[in-house]
Every structure is written in C-alpha cells, then in structure tokens.
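Please open the structure in your viewer and keep the selection tool at hand. The tour below moves from one selection to the next and says what to look for at each stop.

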Amino acid sequence: MMRDANEPEKANLANWPSWAREEEIDTFDQFVQRFWNGEISPDEFKRFRLQNGIYGQRQDGEQMFRIKIPWGGLSAVQLELLAELAAKTQKGVGHVTTRQNIQLHFIKLEQVAGLMKSLASVGLTTREACGNTVRNVTIGHCAGVCPQELFDVTPYAAAVARFLLRNPMNQNLPRKFKIAFSGCPDDPGLTPIQDIGARAVTRFAEGKKERGFQLYVGGGLGPIPRLAELLEEFTPADRLLPTVAAIVRVFDRLGNREDRHKARMKFLLNKLGIEQFRALVCQERTGLESTMAGQFPSLVMWEEVPPHRVSLVSAGSPVESDDPVYRRWRATSVLPQRQAGYTMVHVRLELGDITAVQLRTLAFAAREFGDGTVRSTNQQNFVLRWIPSERLSALYRVLGAVGLATPSAERLADVTACPGADTCQLGITSSRGLAAALGALFDDELKDLADETGIRIKISACPNSCGQHHLANIGLYGGAKKFNGRQVPTYEMLLGAKLAPDRARYAEPVARIAAKNIPGAVEAVLRVYQKERQDGESFNTFLDRYGLESVKVVLAPFTDLPPVSEAPDHYLDYNAEEAFSVQIGPGECAA
C-alpha cells in the first residue's frame, strides 16, 4: 500500500539512494567488445548505446556522455566526482542541458565503462538519458524553497523517476518521452511543453487538505510544436504513479512506430483527440490499479529543512558590501526562500558550460554556505539553496574567484543555446557561436538592457528546438539560404512566447536572417521596445500592442546581404574560416 502522500517526512536529499547498478556497466562493456568483434550490428549497438545515455557526435569516433540528474539534484560529493570526469575530457568542461542533465563531450567509446563506474560510486547513472525512453524527469529548481509553492514537488518527481527507471514499459517506446513537475504558479518546470506536465494543486476533502496534480499531456517542441492539453483537473497524489504508468502504456501501445518524425505522443493526441485519449488512460489506470494492487512503490515524502549547523543564521542585520559589481550580482542572482533568513542563489553559466575547477568550487560553496546540495536548472544554470542572507558577500567572493559570479541570471543577457554544429550531427549552424556574440553585445552596446526581466533569448542550431527557441521572447533556430549565389547560415527569428498557465503560446516567426546579421537585428528590436514601451509594459505586451507586422518592418534591413566581395565575413558561420555548407548526419536522439 502507498503511504499517505499528504504526510511528509524529513529526509536528507544528499543521502538519496543510488540511481546506478554496477551490473549494467559490465553488460555495457561486454556489448562494446561484441560490437568491436562484429558479433552485433551497428544498429543494434546504437539502440543499446543510446538506452545507456551515449550519443554519437558529428566527429567520427567521439561520443557525448549524458549523465542523468533526476530533478536536477546533486550533492557536493557528486559535484566533485563530476569535476574529476570533466577534467578528463578534451575541453575540461561539463555542460548543463535544458533537461537538467550534465553532458561530457569528446568521449571515446573505450572510456565509457570506466566513466560509468565512477558515476556509480556516487549513485549517478546514464541509463535512459537518451533513446526511446522516458528521459530525465525535471522540475522547477525552486521546489521546496519557493515562497509561492503549494507544496514541494521534488519527492513526487523522484518517485516517478525511480518507478520508471529500468521499468520494462519504458524500454522501447515509439519515441522519447518527457515529464516535468511544477509546484508554484510561475510554472518553472515548463509543463506545457511536456509529454506529461504535472502542476501541483490542493483541495479539501472531508475537512483535510489533499495534495494532487493537474496533469497535462501531449506537449512538445521540434519542427511542429504543440501545447499540452489538460488530462485531469485533479489527480490525487496517491494515484500519480498509476496514472503516469497508464499514460506511458497507452503511448507505448498506440504510438506511431512506422514514422519516427510523427512518433512523439503529441501526434497521437492529434490523431485521437483529448477526449478519446483521456478515456483510454482512465481505462488503463483502472486496470492497473486492479491487477497491480499493492505493487506500486510507496511515495517517500520529505520536507526541506534548514541545514543542521550551530548558529548558521545569526541575529542582527547582515553586513553588505557597497561594491556596485556585488550589488548588481545580488540584485540579479539572489532570491528569498520561503524559509526566513535564507536565500537561493543563481549560478549563471556561460553557454551552460562549467569547468572542473568551477565544479569543485561549487561543491565547496554548497557545503560551506548551503545544505551540501545544488540544483541544476532547465535554463542551463545551477542554483545554491539555503544560503544565509548574511553570508552572501562571502559566497560572492568564493564564486567570483572562479568566474561563477556573473550577474543577470535568467534575464535578458542569460542566453540559452544548444550545442549546435560544434558537436551535434543535426546541427546546421553554430548556435554557441551566435550565443557568444549576443553575450558580447550585452557586455557592450546593450549593457543597459542586460538585466531586463521578462525577456529571454533561446537559440537552436536546427528546427528541432533543443535550445527551446519556441519558448523564447526572442527565439532563433538555424537553417541555410542562398544569398548572391552563396549558401549562408541563417536563423529564423521568432517572437513573443508566453508560458503562463492557461495562457501559453509559442513564439511566432517574423524573419529569416543571415547569422552574422542577427546581433544587429536583436539590437534593433530591443531598441524599438526600449523607445516605444509604455510605463511598466513587458516585452510581450509591447509586441501585442506594436504588432509583429511592424516588427517585420524594423527587421527588413537585416534580411539581405551585400555582395560577398564587400562583406565576406557575413557569408561565414561563427568561429568558421571556410565557406559555409550544410553538413548534417543521421540524428541519434532516438533509434
């Protein structure tokens, strides 16, 4: 029987049970040897490799090694191990993804088993981080400490992740499957874009408050984005696992296995409609609750509690530095927790990258100033929690010493980008190169706008939206077009995404622009907003009033290029010296 999901227990997140299994690593090593010996086909090995989180890069013989971080939670010990692994890579960095995972790039196949064993020593795994499986279960990074949340969704996300990991129903789905949770009204878990999006809700029954979830299904990005639809207004917490299992099983049974381009669950929703899909899920859930009575694991709840230290929070006002650089960091990177006297601190990463030295420093900071843990975010950053207000100056000095005190976290200057053509076989353009160019813009010409809230820029190197361009106020995705007889890297600019609950909309395309013209185009749009906005008017509200057709007029000068003889650099991609051409290979996001 499931214990009462409304009665939480205190628990130490840093001591959460391992996600790894040693025997899987031996099996992986054996598969590698069999593949090298010609005993299994490349396609068979690819499916097995992806199921274990190993993704082929565009560079021959190099692998991307994706480490699954359920709900983004990492202990200081795990951070230190990740630092060791990052130091062994070609570039000495780890990369935080928009699904809260950590990726290592330029890994040789013969290195993989050893890296997996190291991960297992601290309870981490790569299992089901890729392939046709349920991917990493994500949540808003403020869960457990958010002043607005109804309750902490972390234990529920953890229960779903652990229930599905290695579950037979999850090993060969028609396509990848994504689940996310949010506990507060701002929906930081981004539930509208998920296959299953779960938003915390409560109700009173027989005089007692009951926890549950609004469940949304069938969302997704990619070339054909779709917003999730409401499946159930209130799913009681103790029916969460049977409901999730029912949804996965219906998708497994009815999803499209013939055409991988139409295999995501959003296409099944398009085919069946929400009413028929809901009826199938309810029928499946009733059957599971009957046949699997008592077999669903108990939900182990916990509450966030202050770190057990003596005099961690002292009486009196905190001592604050007058340094304007510190003041800016504090204003743009620090938020109050619902627990009095404590704050959460955004650690902004440039392009989602973090070095081995920075990972070790983050581990030290988590122990010295917080509760010994961090959360990765779906914005490619980290968050430190349980930081006493009076210790912020000291924390700033520690982070600043290794370049981790960059201001403007989750603001205009904090640009999100996928790995792009640097490593991905599907990448058309250098999304990271463009992101760096835009970052430089906010350090210089647009410095006065860098800290604006309510405007985010997100970049993908192709239409598949790994950089989540559909979710951005200013979204960009890579492509190619001929100008004056020469193929040139381009970006489609999209504007105006909004993910407010029940009022969500994806960004709309407005112009196709050569890559080297994008910084100027972005500056032009932002300057018009700065000049024409009304008092307190948000960027999206301004767009609604000003009109996208008027924005297209502003962008028109950026949609063409001069002859190549006059501006040869404009015909190249970022960080490139050779003429541009589209070079993509077979995608491996599923097999």
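## A guided tour by selection

Begin by selecting Glu128, which counts as buried because its relative accessibility is 0%. Keep in mind that the model is a predicted one. Glu128 is placed in the loop between helix H4 (109-120) and E6, and its backbone deserves a look, since Glu128 has a positive phi of about 60° although it is not a glycine. Most residues other than glycine have a negative phi.

Now add Arg127 to the selection and display both side chains. Glu128 and Arg127 form a salt bridge in which the closest N and O atoms are 2.9 Å apart, and both Glu128 and Arg127 are buried. For Arg127 the relative accessible area is 13%, which is under the 20% limit, so Arg127 counts as buried.

From Arg127, go on to Glu24, whose side chain meets that of Arg127 in a salt bridge at 3.1 Å, N to O. This pair links distant parts of the chain, with Arg127 in the loop between H4 and E6 and Glu24 in helix H1, 103 residues apart. Glu24 counts as buried, at 14% relative accessibility. If you then add Arg166, you have the complete set of Glu24, Arg127, Glu128 and Arg166, which are linked in a network of salt bridges.

While you are at helix H1 (residues 22-36), select Glu22, which lies in that helix. Glu22 counts as partly exposed, at 46% relative accessibility, and together with Glu23, Asp26 and Asp29 it gathers in a patch of negative charge on the surface. A further selection takes you to one aromatic cluster, formed by Phe28, Phe31, Phe35, Phe45 and Phe48.

The next stop concerns aromatic pairs, of which a search of the whole structure finds 17. Select Phe151 and Phe213, whose ring centres are 5.6 Å apart and whose planes stand at 80°, so the pair is edge-to-face. Phe151 lies in the loop between strand E6 (138-139) and helix H5 (154-164), while Phe213 lies in strand E9 (residues 208-217), and the pair links these distant parts of the chain, 62 residues apart. Phe151 counts as buried at 4% relative accessibility, and Phe213 is buried with a relative accessible area of 0%.

For another arrangement of rings, select Tyr529 and Phe542, whose centres are 5.4 Å apart and whose planes are at 55°, so the pair is tilted. Tyr529 belongs to helix H13 (residues 518-532) and Phe542 to helix H14 (residues 539-546), 13 residues apart. Tyr529 is buried, with a relative accessible area of 3%, and Phe542 is buried, with a relative accessible area of 1%.

Move next to Arg328 and Asp451, whose side chains meet in a salt bridge at 2.9 Å, N to O. Arg328 lies in helix H9 (residues 324-333) and Asp451 in the loop between helix H12 (431-443) and strand E17 (457-460), so the pair ties together parts that are 123 residues apart in sequence. Arg328 is partly exposed, with a relative accessible area of 26%, and Asp451 counts as partly exposed at 24% relative accessibility.

Finish at Leu351, in the loop between strand E12 (342-347) and strand E13 (353-355). Leu351 has a positive phi of about 60° although it is not a glycine, and at 17% relative accessibility Leu351 counts as buried.

Definitions and conventions
Residues are numbered from 1 along each chain as its sequence is written. This is a predicted model: local features need pLDDT of at least 70, side-chain atom pairs count only at pLDDT 80 or more; totals for chains, interfaces and linings use all residues. Side-chain values use heavy atoms; hydrogens and water are left out. Patches are made of residues with over 30% relative accessible area and no salt bridge: like charges are joined within 9 Å, nonpolar side chains (Val, Leu, Ile, Met, Phe, Trp, Tyr) within 5 Å. Accessible areas come from the Shrake-Rupley method with a 1.4 Å probe; for residues, only the protein chains shown count as cover. A salt bridge is a side-chain nitrogen of Lys or Arg within 4 Å of a carboxyl oxygen of Asp or Glu. Lys and Arg count as positive and Asp and Glu as negative; His and the chain ends are not counted. The place of a charge is taken as NZ of Lys, CZ of Arg, CG of Asp or CD of Glu. Helices (H or I, at least four residues) and strands (E, at least two) are DSSP runs, numbered from the N terminus. Buried means under 20% relative accessible area, exposed over 50%, partly exposed in between (1.4 Å probe, protein chains only). Rings of Phe, Tyr and Trp (its six-membered ring) pair if their centres lie within 6.5 Å; planes under 30 degrees apart count as stacked, over 60 as edge-to-face and the rest as tilted.
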